[in-house]
Amino acid sequence: MGDQVFCPNCGGEKIRSFPNNSPVADFFCTSCNEEYELKSQKSSFGRKVLDGSFKTKCERLAANNNPNLFLLNYDLKERSVVNFLVVPKHFFVRDIIAERKPLAAAARRAGWIGSHILLDRIPKSGKIFIVRAGLPEPKESVLEKWNRTLFLRDQGLEARGWLLEVMKCVESIGRLESQLDDVYAFEDRLARLYPGNQNVRPKIRQQLQFLRDRGYLDFVSRGYYRLRSDR
Ligand SMILES: [Zn+2]
């Protein structure tokens, strides 16, 4: 990490590790102080990834000081990196952290509760590849993708939850250009997620306007919008 990885937040080349077993995170950038946690494994990452204490995760989320997450997938035989991606910390909401069963009474840390991070609940724009299928992505493209969603940091947890859900809807349509009706098709799903909200359609429009104002997508004409594409 120290030798080869740049900081996706500032582009700086100085990522250093915290002392071993630091409860805070694994690495930090000496230029911008951004903090990173690293999870690595041989098999590619599926729908979820094992993470540390559920309680700690939730506390850090509530305090808004959770680290960004690097995910490294390697090939031991070839001694090479297959995939390396980063999930920016502003994509973390309570909804993507699942509580595991407490450890059994016979375990050394009986009763301890771990967590899973549900990768499939994170929008595509929250999984930024630095190496994909063995090939490094251009640094400018990584920094640009990181910057594109930084506006989420200014939002509270609840506001962020709505924005992330609407981002997922827009992305799952699978086209760069779509229309309001395509997003309205997710009305039932959003209503189930937010049973307290009686005005899902206006809420959807409000989120789309917000995403337009922050440059995540463009309105091309009334009811039609376009996702900003990767450069
Ligand atoms: Zn940095």
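Guide: Two strands count as paired if DSSP finds at least two bridges between them. The model here is predicted, and that rule is applied to its strands.

Visitor: What makes β11 and β13 a pair?

Guide: Three bridges join β11 to strand β13, residues 224-227. The rule asks for at least two, so β11 and β13 count as paired. The two strands run antiparallel, and E177 stands opposite R226 in β13.

Visitor: In what order do the strands of this open sheet lie?

Guide: The order of the three strands is β11-β13-β12, and the pairing is antiparallel. The edge strands, β11 (177-179) and β12 (217-221), each pair on one side only. From one strand to the next the twist averages 35°.

Visitor: Which helix packs on the sheet?

Guide: Helix α6, residues 200-213, packs there and touches β12 and β13. The direction of α6 makes about 110° with that of β12.

Visitor: Why is the arrangement around the zinc ion called tetrahedral?

Guide: The angles subtended by the four donor atoms are 105 to 117°. For four donors, tetrahedral requires all angles to lie between 85 and 135 degrees. The angles meet that condition, so the arrangement is tetrahedral.

Visitor: How do you know which protein atoms are donors of the zinc ion?

Guide: The SG atoms of C7, C10, C29 and C32 lie 2.2 to 2.3 Å from the zinc ion. The cut-off is 2.8 Å, so these sulfur atoms count as donors. Along the chain, the donors follow the spacing C-x2-C-x18-C-x2-C.

Visitor: Is C29 called buried or exposed, and why?

Guide: C29 has a relative accessible area of 0%. Buried means under 20%, so C29 is buried. C32 has 26%; that value falls between the limits of 20% and 50%, so C32 is partly exposed.

Visitor: What makes the contact of K139 and E13 a salt bridge?

Guide: The N to O distance between their side chains is 3.0 Å. The cut-off is 4 Å, so the K139 and E13 pair qualifies. K139 lies in helix α2 (residues 139-148) and E13 in the segment before β1 (15-17), so the salt bridge ties together parts that are 126 residues apart in sequence. K139 is partly exposed at 26% relative accessibility, and E13 is partly exposed at 49%.

Visitor: How many salt bridges does a search of the whole structure find?

Guide: The search finds 19 salt bridges. Among them is the one between R189 and E165, at 3.0 Å from N to O. This pair links distant parts of the chain, with R189 in helix α5 (residues 187-193) and E165 in helix α3 (residues 157-172), 24 residues apart.

Visitor: Why does R189 count as partly exposed?

Guide: R189 has 32% relative accessibility, which lies between 20% and 50%, so partly exposed is the term. E165 has 6%; that is under 20%, so E165 is buried.

Visitor: Which residue does R228 form a salt bridge with?

Guide: R228 pairs with D218, and the closest N and O atoms are 2.9 Å apart. R228 lies in the segment after β13 and D218 in strand β12, so the pair ties together parts that are ten residues apart in sequence. R228 is partly exposed at 40%, and D218 is partly exposed at 27%. Elsewhere, E37, K39, D51 and K57 are joined into one network by salt bridges that share partners.

Technical notes: Residues are numbered from 1 along each chain as its sequence is written. This is a predicted model: local features need pLDDT of at least 70, side-chain atom pairs count only at pLDDT 80 or more; totals for chains, interfaces and linings use all residues. Side-chain values use heavy atoms; hydrogens and water are left out. Donors are N, O and S atoms within 2.8 Å of the metal (3.2 Å for Na, K and Ca); water is not among the atoms, so sites may look incomplete. Four donors count as tetrahedral if all angles lie between 85 and 135 degrees; four count as square planar and six as octahedral if opposite donors are over 155 degrees apart and all others between 65 and 115; anything else is irregular. Buried means under 20% relative accessible area, exposed over 50%, partly exposed in between (1.4 Å probe, protein chains only). Helices (H or I, at least four residues) and strands (E, at least two) are DSSP runs, numbered from the N terminus. Axes are lines fitted to C-alpha atoms, for helices over the stretch in contact, and angles run from 0 to 180 degrees between N-to-C directions. Contact means heavy atoms within 4.5 Å.
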